[in-house]
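Biologist: I would like to learn how to read a model of this kind step by step. Could you take me through it, beginning with a pair of helices?

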Amino acid sequence: MSKTYDYAKIEKKWQDIWDEKQTFAAKDDYSLPKFYGLVEFPYPSGQGLHVGHPRSYTALDIVSRKKRLEGYNVLYPMGWDAFGLPTENFAIKNHIHPSIVTENNIANFKRQLKSLGFSFDWSREINTTDPSYYKWTQWIFLQLFKKGLAYKKKMSVNWCTSCKCVLANEEVVNGHCERCGSEVIHKEKSQWMLKITDYAEKLLEGLENVDFIDRVKTQQRNWIGRSYGTQVKFTASTGDEFEIFTTRADTLFGVTYMVMSPEHPLIEKWADKIENLDEVLAYKQEAAKKSDFERTELAKEKTGVRLKGVTAVNPVNKKEVPIFISDYVLISYGTGAIMAVPAHDDRDWAFAKKFGLPIIEVVSGGEDVQSAPYTLSLIHI
Ligand SMILES: [Zn+2]
């Protein structure tokens, strides 16, 4: 008997049997308890799977297999979120019809997923570029439009001067197009928007009822954005007032510094008062080259410059606190300035530790201010 595990032979044998017998197909049997395991469908790029795909599919595959053994009627489907600019550009460049490129990419992804042995129900595979499917995408859009949830808005977008298309923030690297390397400019364009903010409160409430670990819930809350809070006015040593937005006005006594976006208009106004203006302007220039996505990524190391010569006064205790500029504060989000309460905010905490700023706990029973906060970086599939 051979001591080596001939994975190629053994796994192929069982995968073929699963295929033939439709082992993992959900049954049309309403008497059984149901379990629906849903993963985010991949975008089938020309590069094939990356490690992020099997990472999430494996976890739910384990759960799905366990549920089947427990007698559940399990639906664990797979499909393709296949509309994409990269495919379009690849098709243009190589003179191949995009439908053929998409078909080839899907075939490759499917082969790879099957060889990994996932227990997907392939009988229910869907493909968003299939007209029999995308009619539903169009139908959903019409329902949103009728309810006023889809609307057009003029806004500044990332525009690749060579690809002649709009780029997502994460497709802009150092001010250049991720794909072709050409310069990316900001262009005013009329865009279709979906009013997901109308559901912010519902999403936040829903988080209370799901069995997620705390740090994932925090990450979700940050993504949803905060809907309720207070605008608080701070006064700078120059006499100028500026506003910040906070959901936790009860932590005002824990403010040990302020952070402004490098693009905040007051920075320009204070040009003759800021003693380290060269350093501030150099930082601003560097920040402008990064996308919003790069700037606000949670796992990123915090950077910033302390303004010398200008400080702020905390309105509740009249304490003078330093002002920093940092790229993680965006001028397009909120007021472009924040109050920092490092004892009760992971991001402020990381920043305060780096710059040796005081950390004052003001809400008892909060987080352990001495332990390092755990931040999870987003896995983009
Ligand atoms: Zn480009």
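Modeller: This is a predicted model, and we can begin where helix 6 (residues 200–207) and helix 7 (residues 214–224) pack at an angle of about 175°, with their axes 10 Å apart.

Biologist: How are helix 6 and helix 7 oriented to each other, roughly parallel or roughly antiparallel?

Modeller: Angles over 145 degrees count as roughly antiparallel, and helix 6 and helix 7 are therefore roughly antiparallel to each other. On the side of helix 6 the contact is made by Ala 200, Leu 203, Leu 204 and Leu 207, while helix 7 contributes Lys 217, Gln 220, Arg 221 and Ile 224.

Biologist: Where do the domains of the protein begin and end?

Modeller: The domain assignment gives domain 1 (7–137), domain 2 (148–194), domain 3 (199–226) and domain 4 (229–355). The C-alpha centres of domain 2 and domain 3 lie 28 Å apart. For the protein as a whole, the C-alpha trace spans about 75 × 55 × 55 Å along its principal axes, and there are 11 helices and 15 strands.

Biologist: How should I read a sheet, and what is the order of the strands in the open sheet of six?

Modeller: One reads across the sheet from one edge to the other, and here the order is 11-10-13-14-12-15, with mixed pairing. Strand 11 (241–246) and strand 15 (337–340) are the edge strands, each of which pairs on one side only. On average, neighbouring strands of this sheet are turned by 40° against each other, if direction is ignored.

Biologist: In which sense do strand 13 and strand 14 pair?

Modeller: Strand 13 (residues 305–313) and strand 14 (residues 320–325) are paired in the antiparallel sense over five bridges, and Val 313 has Glu 320 of strand 14 as its bridge partner. Lying across strand 13 and strand 14 is helix 9 (residues 277–288), which runs at about 105° to strand 13.

Biologist: Which way do the residues of strand 15 point?

Modeller: In a regular strand the side chains alternate between the two faces of the sheet. In strand 15, Ala 337 and Met 339 point one way and Ile 338 and Ala 340 the other way, and all of these are buried. Strand 15 is paired with strand 12 in the antiparallel sense over four bridges, and Met 339 in strand 15 stands opposite Met 258.

Biologist: Which residues touch the most other members of the largest nonpolar core?

Modeller: That core has 30 residues, of which Met 258, Val 259, Met 260, Ile 338 and Ala 340 touch the most other members. Two or more residues are given to this core by each of strand 10 (230–236), strand 12 (257–260), strand 13, strand 14, strand 15 and helix 11 (346–355). Another core, of nine residues, lies apart from it and includes Ala 26, Val 39, Met 78 and Phe 118.

Biologist: Leaving aside its neighbours within four places in sequence, what is Ile 338 in contact with?

Modeller: With those neighbours set aside, Ile 338 is in contact with Ile 244, Met 258, Val 259 and Val 329. Among contacts in the protein between residues at least 6 apart in sequence, 67% join residues at least 24 apart.

Biologist: Why does Glu 11 count as partly exposed?

Modeller: Glu 11, whose place is in helix 1 (residues 7–21), counts as partly exposed because it has 15 C-beta neighbours inside 10 Å, whereas a buried residue needs 20 or more. Of the 381 residues of the protein, 19% count as buried.

Technical notes:
Residues are numbered from 1 along each chain as its sequence is written. This is a predicted model: local features need pLDDT of at least 70, side-chain atom pairs count only at pLDDT 80 or more; totals for chains, interfaces and linings use all residues. Two strands pair if DSSP finds at least two bridges between them. Axes are lines fitted to C-alpha atoms, for helices over the stretch in contact, and angles run from 0 to 180 degrees between N-to-C directions. Two residues are in contact if their C-beta atoms, placed from the backbone, lie within 7 Å. A nonpolar core is a set of buried Ala, Val, Leu, Ile, Met, Phe, Trp, Tyr and Cys residues joined through C-beta atoms within 7 Å. A residue is buried if 20 or more other C-beta atoms lie within 10 Å of its own, exposed if 12 or fewer, and partly exposed in between; C-beta atoms are placed from the backbone. Domain bounds come from an automatic or database domain assignment. Angles under 35 degrees count as roughly parallel, over 145 as roughly antiparallel, 65 to 115 as roughly perpendicular and the rest as oblique.
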